[in-house]
Every structure is written in C-alpha cells, then in structure tokens.
Amino acid sequence: MTYFICQARKGGDVMESRTDIDRKRKESGRRAEDAVLSLFLAKGYSLLARNYSVHNAGELDLILSREMCIYIVEVKCRSERNSFGGPAAAITGQKKLKMIRTAKVFLQRHEWQQYDVRFLAGCVTHREGAIVRIEILPM
C-alpha cells in the first residue's frame, strides 16, 4: 500500500508518495554524512568504515581514526524549521546503547581494542535541502 501526504506548494497542492518522501529523506541523510565525512577527512582523519552494521546490534554511520584513537560518529540531519528539537535531540539513550554494542563488535573483529574510542554526534541542519550548519558534539 502506498501512502500519500498532501504538501502545499506554489501553484496548488501536490500529492507526494510515501516512497518519494522516504527517498528524499535518505538522500538528505546521505548528503549530511558526506558533508560530515568531508569535514573529518579535511582535518586529517582516516575513514575506517561507513554504515557498518551488525545484525541485531545496530549501525554506525562513520568510523574514523586519528592518532591511535577511533572516532565513532552518528550523523543526524534535521530541517532548520524542525519543531521537535535539533539533530542532537534525535540521538536517544537506546541509540547510544546500540552504538556501543556495535562498536564493541567492530573493535573485536578488527583487533583494535587497545585504541581509545570516542563517540561523537555529527549534527547537520539544513534549509530547503542546503546544509546551513554542521556541529560535531561529544556524546
């Protein structure tokens, strides 16, 4: 079943399918991940994995390294007009626990338990599809 959401636009109402909305949300998330990754790479970090997932544990958006430290970054993207809080508010306690479980598996599989590990939030705010702010915050 396809759901439709009516969105007002210039020139009248336009019907947009649920799959179109999901596709746009994924594209927005991918652009946010790309922007956060570019920021880290420009500062000398190395990418170890992207969208690393473990069945029944969770997914890690970005895993980076620099100077004997592993950085696990959860990227969240929100519209500037989002009334439910910014991107950081979307990272729940349950999400943090899943990240920790998944990170443990990643570190064990790659024998990197001796590295320091830091969890960060890559908070991206956009306006009409254009990124207006990127904040990197500790979790």
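This report describes the fold, sheet, cores and selected residues of one protein chain.

## Overall layout

The model is predicted. The chain has 139 residues, and 33% of them are buried. Its secondary structure comes to 2 helices and 7 strands. Read from the N terminus, the elements follow the order β-β-α-β-β-β-α-β-β. The accessible surface is about 9000 Å². Carbon and sulfur atoms hold 50% of that surface. Among contacts with a separation of 6 or more, 48% join residues 24 or more positions apart.

## The sheet

An open sheet is built from 5 strands. Their order is 3-4-5-6-7, and the pairing is mixed. Strand 3 (46–54) and strand 7 stand at the edges. Each has a single partner strand, so one side of each lacks a neighbour in the sheet. From one strand to the next, the twist averages 30°.

Strand 4 covers residues 58–66 and pairs with strand 3 in the antiparallel sense. There are 7 bridges between these two strands. Strand 4 also runs antiparallel to strand 5, and 5 bridges join that pair. Of the 9 residues in strand 4, 7 are buried, so the strand is largely enclosed by the rest of the structure.

Residues that stand opposite each other in these pairings include the following.

| Residue | Opposite residue | Strand of the opposite residue |
|---|---|---|
| Ser46 | Ser65 | strand 4 |
| Leu47 | Leu64 | strand 4 |
| Ile63 | Ile72 | strand 5 |

Helix 2 (residues 93–109) lies across four strands of the chain: strand 3, strand 4, strand 5 (69–79) and strand 6 (116–127). Helix 2 runs at about 115° to strand 3.

## Hairpins and positive phi

The hairpin of strand 3 and strand 4 has 3 residues between the strands. Asn56 lies in this loop. Asn56 is not a glycine, yet its phi is positive, at about 65°. Its relative accessibility is 70%, so Asn56 counts as exposed. The cut-off for that class is over 50%.

The hairpin of strand 4 and strand 5 has 2 residues between the strands. Here Glu67 takes a positive phi near 50°.

Glu111 is found elsewhere, in the loop between helix 2 and strand 6. Glu111 has a positive phi of about 55°, although it is not a glycine. Glu111 counts as exposed because its relative accessibility is 61%.

## Nonpolar cores

The largest nonpolar core has 14 residues. Those with the most contacts inside this core are Val36, Phe40, Leu62, Leu64, Val73 and Val75. Helix 1 (18–42), strand 4, strand 5 and strand 6 each give two or more residues to it. Strand 5 gives the most, with 5 residues. Another core lies apart from this one. That other core has 12 residues, among them Tyr52, Val54, Ile63 and Ala103.

Leu64 and Ile63 sit next to each other in number but belong to separate cores. Leu64 ranks among the residues with the most contacts in the largest core. Ile63 is listed in the other core.

Val36 has contacts well beyond its sequence neighbours. Leaving aside residues within four places in sequence, Val36 is in contact with Leu62, Val73, Val75, Gly122, Val124, Ile134 and Ile136. Of these partners, Leu62, Val73 and Val75 are named with Val36 among the residues with the most contacts in the largest core.

## Ile136 on the edge strand

Ile136 lies in strand 7 (residues 130–138). Strand 7 is one of the edge strands of the sheet. Ile136 has a relative accessibility of 31%, so it counts as partly exposed. Buried would require under 20%.

With neighbours within four places in sequence left aside, the contacts of Ile136 are Val36, Leu39, Phe40, Leu120, Ala121 and Gly122. Val36 and Phe40 are among the residues with the most contacts inside the largest core. Ile136 and Val73 are 63 residues apart along the chain. Their C-alpha atoms are separated by 8.8 Å.

Notes. Residues numbered from 1 in each chain as written. Predicted model: local features only at pLDDT ≥ 70, side-chain atom pairs only at ≥ 80, totals over all residues. Heavy atoms only, no water. Buried < 20%, exposed > 50% of the residue type's maximum accessible area, 1.4 Å probe, protein only. Contact = heavy atoms within 4.5 Å. Pairing = 2+ DSSP bridges. Axes fitted to C-alpha atoms, helices over the stretch in contact; angles between N-to-C directions. Core = buried A, V, L, I, M, F, W, Y, C linked by side-chain atoms within 4.5 Å. Areas by Shrake-Rupley, 256 points an atom, 1.4 Å probe, with all protein chains shown as cover.
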